[in-house]
Structures are given as structure tokens and as C-alpha cells.
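Colleague: Could you take me through the unusual backbone geometry of this chain, keeping to the loops and explaining your terms as you go?

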Amino acid sequence: MFEKLQAMPADAILKLIAEYASDGRADKIDLGVGVYRDESGATPVLQTVKKAERFLLETQDSKSYLGSGGSPAFNAAITDLIFGAGASNNPRITTLQTPGGSGSLRVAAGVVKRASPDAVILAGEPTWANHVPLLSSAGIDMQTFPFYDGKSHRIDFDRMLSAVEQAPAGSVLLLHGCCHNPTGMDLSDEQWRAMTDVVVRRSVVPFIDIAYQGFATGLDEDAYGVRHMLEVVPEMIVSGSCSKNFALYRDRVGSLSFVARDEATAQVLRSQANNIVRTMYSMPPDHGAATVSHILADPALRQEWQRELDGMRQRLGDMRALLGAALRDKAPAADFSHIERANGMFCFLGVTPEQVKKLKSDFGVYMVGSSRINVAGITSGNVGHLADSIAAVI
Ligand SMILES: Cc1ncc(COP(=O)(O)O)c(C=O)c1O
């Protein structure tokens, strides 16, 4: 039976990784793959993760099953981290541990499909490349709303808002909590409030994907949108990820929270999500989540983790400033100021697909075709070559 299958087209980012790996140039630069990197180009295991893993090695006395929702300790800790201290006592919120943010998004889409089979999920244009395939694999119709204006390199908030104004009641609105991937452009607090008003008025259900909490301004500041909506909206879905802020990418740690009108509905949502998990992957992997909950529960370790997170955020900001300054110097006629206005790891460089190709072929500078760059790939050692290369192609 298998001979009838056709190979799937290669994933663009995996193709880029392979091309980069086989490029022999010593000064090649990888701005494609979406992981944090330090000044040496490494994606290290955090020191606090190492310490928590040592603790687990010494003290964990069972690897017995934990159930479809994962670890209650992790779920409480991550609920407080995302929604604010004490939120785990809020009976309207229920949280399940999931295999990364991706697992969370997929289970959430399954619950939406069961709750409202004809509901549409609205995603910004553009959004994370995997959002549409991942969410629509639950059988949900996806539509887009205008988000980014590529000319001004800003959020087109008026058009975004009016699209939500026109959305049918019961639509699900996918928003990025912070560090928008791929644009790096986030709603201001004022825009979050304006969006919340429309969401409530139009009976739209917000679905916030917060995969980079702590990478923009700080853990609390980055959760402003989630926390403001919690106060105002009757229902909401929130997908969290510890892939970036705990650098636990391959350990697959994420969370899915439902905010319901009341405790009884929250428990129904939990049972629906548990049932979907049971029939999909049965239960999430434990090790990464146990690591996170130990870090968050131990005050000293938690402080140390926040310093590690601050360090990652600081470096991303420093690299944006460094590239911005180098481009002002090497390409003074062009405006790249949006690079410094963006948050987190990503933004569009703002060059054409032909220029992206030329950067790769002539200068060994790798980025995805849309010109999305991961600023974590910049170092004080390669920024000169990067700015020279960009100046040469524009
Ligand atoms: C916007 C966004 N959401 C969710 C994810 C999922 O991350 P993971 O499944 O690795 O936790 C990513 C990863 O790149 C992302 O950029």
C-alpha cells in the first residue's frame, strides 16, 4: 500500500538548514532556524535546567503515568507564570501540560472543532508558518485578517481591528501574546485594550499563542494582553511554550489553558481536551515539565532562571541595536529602523526574494524567503559581514 504515497515537498526551513550545513564558507551566517543562540552561536542548556535535572535525577522516585493533563504542579506553576501570581486558584482557568506549544495549539483546535464545528479561526497575515497547517489539521476552516504593513513595517491596527469588527460571532481570533513570529511587531497595551473591547462586543473568542514570554520586555510585561483579556473576556484559549524561555526545545514542554465563563464549563473543557489527548498521544512527556516546575517552585533557582532569561532578552536587543547601527553606517540611504523596533527573535529584514537569494549565493547569509531573520544568529563577530552583504544587495 505504501508505494502509492508521494513524497511531501521538503520543509523550507529544513531545506535551508541543510543548505547552510553544506556551505563551506567560513563567514556564512544562519539567520533562518528559529532557536536562540548565544554569542558563540550555540543554543546551550540553561544552568538552571542542568541544576533542576540533577535534582530530579537524585530525588525522582517514580516514572509512573501522570495522566493526559500532565503534572498538576507544572500546570499550576505555568498558569501563575502566564496569567499572574495566584491565577492557578481561579476556577475559571484550567490548564493542561502539552508537548510544546505545537501540541497545545493542536489540542486547542480539536476542542474548538468539537465545541463549534463551523467555527472559523482567524489568523493574522502573516503568522507563524506552522499555524495554518497545524490548526487546520483539526478540520477547522482558517481565514486571515490584515496584520502587518510591509511598507511602513508596522502593524496595520486599524485594518486589523475593522476585520475583527466584521468577524461573525463565535469566530476564534488567533493572536500572538508577544514577540510576533515572523514580524516581531507586538500590540501596545493600548491596542490590546482596544482589541479586547471589540472581541467582547463581537463575541469573538481570543486564542492567544504566547510562545516567547520573557523575550520582549519581561515576564509580566509580555503577558499584558493575556492578563488584560482574562479580566474582561468571558472565554479565551491560551497556548504557552517553554521551548524558548527555558530553552527546552526538544524536551517538548508547553501548556494549554482554557478560560471559561465558570468553573463547571472549565471542567467540561478540561475533560474534552483530556479525551482528545488520550486518543492522540495519550499523555505529554514529563521530564521537561518536571524540570520547569522545579525551577519555578524553588525561589533561588527561579531567580537565577530569570537572570538567564534576562540575559537572552538583553542579547537579542543588543544584536538588534548592533545591526541597526551597522546598517545606518553601511546603507545610510535605506531605513532599517524597524529592526530595532521589533521584539523577540524575529523580524522581516525587508528585502526582496531575489535579494534574499543573492545574500545566500553571493555572501553565505541564510534567511527564509520572506526575509524573516532570527536576530539570535547575529554576533559582534559577524555583524560587519552581515551589514556589508545587505548593503551590497539592496
Ligand atoms: C508563534 C509560535 N507558536 C508556537 C510555537 C511552537 O513552539 P514549540 O512547539 O516548539 O513549543 C512556535 C515555535 O517556533 C512559534 O513561533
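Modeller: What follows is a walk through cis peptide bonds and positive phi values in the loops. The model is a predicted one, in which local features need pLDDT of at least 70, side-chain atom pairs count only at pLDDT 80 or more, and totals for chains, interfaces and linings use all residues. Residues are numbered from 1 along each chain as its sequence is written, and side-chain values use heavy atoms, with hydrogens and water left out.

I begin with the cis bonds. Glu125 and Pro126 are joined by a cis peptide bond whose omega is about 5 degrees, and Pro126 sits in the loop that runs between strand 3 (120–125) and helix 5 (131–136). Here helices (H or I, at least four residues) and strands (E, at least two) are DSSP runs, numbered from the N terminus. A cis bond also leads from Asn181 to Pro182, with omega near 20 degrees, and Pro182 belongs to the loop between strand 7 (172–176) and helix 7 (189–201).

I turn next to phi. His153, although not a glycine, has a positive phi of about 55 degrees, and its place is the loop between strand 5 (148–149) and strand 6 (154–155). With a relative accessible area of 12%, His153 is buried, where buried means under 20% relative accessible area, exposed over 50%, and partly exposed in between (1.4 Å probe, protein chains only). Ala247, a residue other than glycine, likewise has a positive phi, near 50 degrees, and lies in the loop between strand 9 (236–241) and strand 10 (254–259). Ala247 counts as buried because its relative accessibility is 17%.
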